Amino acid sequence: MSVEKPRHIDGRINRIGTDDLLKAFGSPAGDLAGLRAFVGEQLKRPAWPLPEWAEATRSTPAAVLAAAAPLLEGVDVTGRGLGRSQLYGFHYLGWLAPGVQAWLLTGDERYLQAFEHHLDQWVEQRDSVTGEWPGLDVIWYSLGTWARCRSLLPTLEVLTSSPLSDRAWGRLVATLVGGARWSYDEHDVFRHGNWQLVCATELLHLSAVLPSLVESEAWAERARQRIEEHLLLDVYPDGGHYERSPGYHRMVLTALQTAARIDPAVAAHPRFAAMHTWMCELVSSGGWLPHLQDSGIEWPAVSLLRGSYLLNDPVFARVAAQWLSPSELAAEVATFPAGPQTWLSPGAVPALPQATVLPESGYTILRSSELRAVINHGPHVEHELESHSHRAVLDLVLDGWQQPLLWEAGGPPSYDDPGYLTWFQSGRGHNTILVDDQELSTDRGVVVDPLVDTDVLAVFSGRHHGNGVEQTRTIALVRESPSYVVVTDHAPGAHTFRARWHALHPWREVGPLAYDASAPDGPGLLLIDAGEAAAVEQTEGVARHPVLERRTAEYGPLHSLTVTRSTGDFTTVLVPHELGEPPTVSVERVDGELVVALGGTVDRIGQSTWTRTVDGQLSWATGWRVRTLPDLLRATADVDVLARPTGDRLHFKITCEGRCGLWIRARDEIRLNGMPVDATIEDELAHLTLPYAGAWTVDGVRDE
């Protein structure tokens, strides 16, 4: 079955001559020179014009000149030998536009001549190129028509009055018109995925820049219809794009930002703003989005800045400014249309919540001041060609001090990479538990419990059956320093279970089932497996590494630690540290509890309780969905509770789901939500009632 409609490529798309081009504009002139003059008078500015971009970029042209340099030497415009997927990407013509950009920056007409030469060659040879994807033309397919328009349409404004020949100018316009016609025919009904959405945005863009085209009004109407459908059906209520990939999310949002520049209704749609908020939730302190679900490492600062302008919302600009220098920010702002810049008003960056659940996207983010965990619990999502969903679930990544600590394979350099399915998409490249070395099925059956958050502690729990047995995982992040994570895994039966853990730096054994992965000067991650003896293996793969100073990513080693058992029970303690050497940590089992000691801090961790003492004194105790907090509280129904000493008293925060009775040790007056209550006291136990569901505070409890 073809991934797009049956072939609909004809002469009105790929063989547009001068007469056809004149008719496309209503025959306003008798030749190309006359048409060029007419279009020059009617042409509207593109969404993101090149002259302003060139003025802002003129002082830092190196990257553009490097991209344009191959044009001066000569490029094989067929792209032959690039591989199955890369061949399609080559014909997006992203390599051609730098010729115009370099000419604008330098005035050197060699770049313009090289652009014309290669465009001529490409038009003459493009129909000789055949792709390997069945039913998918290399040139005339959704991403090709979108990407060429996105790349070449902004050049039309500057090229119409340039020394470019009339012939080359006509070929450029014919390429854009042919792509629009193909897109209009292809996308007559809604279908999920990034292909149709981005295609619709450039159909709208072209119709706005060339309103004198006879078909322009029809193109705009169809484009608006598809965009509206995608905002409703292809963007989740939590703001994430359908495919759950930060890379494809940003690609789609960039396209929608172009549409929003043309049509204010796009900017006014609540899902458009939500897409920006989604990136704010997932961005790390280092300014990057993790490479989840076939994504690259994304740096959303510029996208957020553009969104701030389009939404007239200064918050997004404040978030973006954390990772942009003043000169970088000014250069980006210079590319936006002139006007009042109220969206750049100064102010504080809003603090992120301690935990964020993106329920439809299937991500939960847990935060402390030192550490952040991003947990994947979303569905496998189909795609036009191959799903971008990875074969892992309930996996997680950790970062701290702006750097990845626990990492994963992420997206490949190319979908032609031989390790695409066996490493990048495979569970082998993720922080997960493999069963009998099989790959996770697309039917995962993921169930996630409501997130527990008692302020000092956040606890995520979920389960799935994607490996044929029910596997459960609990991820608990303790927020107060020392902050760390405990991951508990369970699965029944006798199988070969492999716990996979990945870091950017080599794992170094520092004790029995204890390993550390650290940068030379930090930060690092200490991993302690608290289970019985197991086989441990270290291997090496590859993954992108974020490079903060350049806001880029480079491929480098990904170091894998595999712990193998015949039972599905694993308890893994993950302790981040800022310096190159790990702290001294002991982990042991005492009376059915996990006891973790870091210096003078000792944590006793039960199935649903966590108690911290510092230098022998109670710091806090918390429980979730419990009826008893040992020696401190009993309840008649399940509650979430946090107890802290305040002087010689304990202060309780309690959340219940309905009317609930409590027994607590008491001295003197008991206050419920700050108000004195008449509690019955027997044998130094006070009995009181929480009258209805909600969050409560109880003070006056004796601390012994």
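**Strand β14 and the surrounding sheets**

Both faces of strand β14 are covered in this predicted model. A514, D516 and S518 are buried on one side. Y515 and A517 are buried on the other. The strand spans residues 514-518, and five of its five residues are buried.

Strand β14 pairs with β13 and with β15. Strand β13 covers residues 507-511 and runs antiparallel to β14, joined by four bridges. One bridge sets W507 against A517 of β14. Two residues lie between the strands in this hairpin. There, L513 adopts a positive phi near 50°.

Strand β15, residues 524-529, is also antiparallel to β14, and five bridges join the two. Here S518 faces G524 of β15. The hairpin of β14 and β15 has five residues between its strands. In this hairpin, G522 has a positive phi near 90°.

An open sheet of four strands follows the order β6-β12-β17-β16, with antiparallel pairing. Strands β6 (433-435) and β16 (535-547) stand at the edges. Each has a single partner strand, so one side of each is left without a neighbour in the sheet. On average, neighbouring strands of this sheet are turned by 25° against each other, direction ignored. Within the sheet, β12 (residues 497-503) and β17 (residues 552-565) form an antiparallel pair over seven bridges. A499 stands opposite V563 in β17.

An annotated domain covers another part of the chain. The unreviewed UniProt entry lists residues 91-274 as "domain: Heparin-sulfate lyase N-terminal". This span is 68% helix and 0% strand. Its end C-alpha atoms lie 32 Å apart.

Terms used
Residues are numbered from 1 along each chain as its sequence is written. This is a predicted model: local features need pLDDT of at least 70, side-chain atom pairs count only at pLDDT 80 or more; totals for chains, interfaces and linings use all residues. Side-chain values use heavy atoms; hydrogens and water are left out. UniProt positions are given in the numbering used here, feature names are shortened, and annotations may be inferred rather than shown by experiment. Two strands pair if DSSP finds at least two bridges between them. Axes are lines fitted to C-alpha atoms, for helices over the stretch in contact, and angles run from 0 to 180 degrees between N-to-C directions. Buried means under 20% relative accessible area, exposed over 50%, partly exposed in between (1.4 Å probe, protein chains only).
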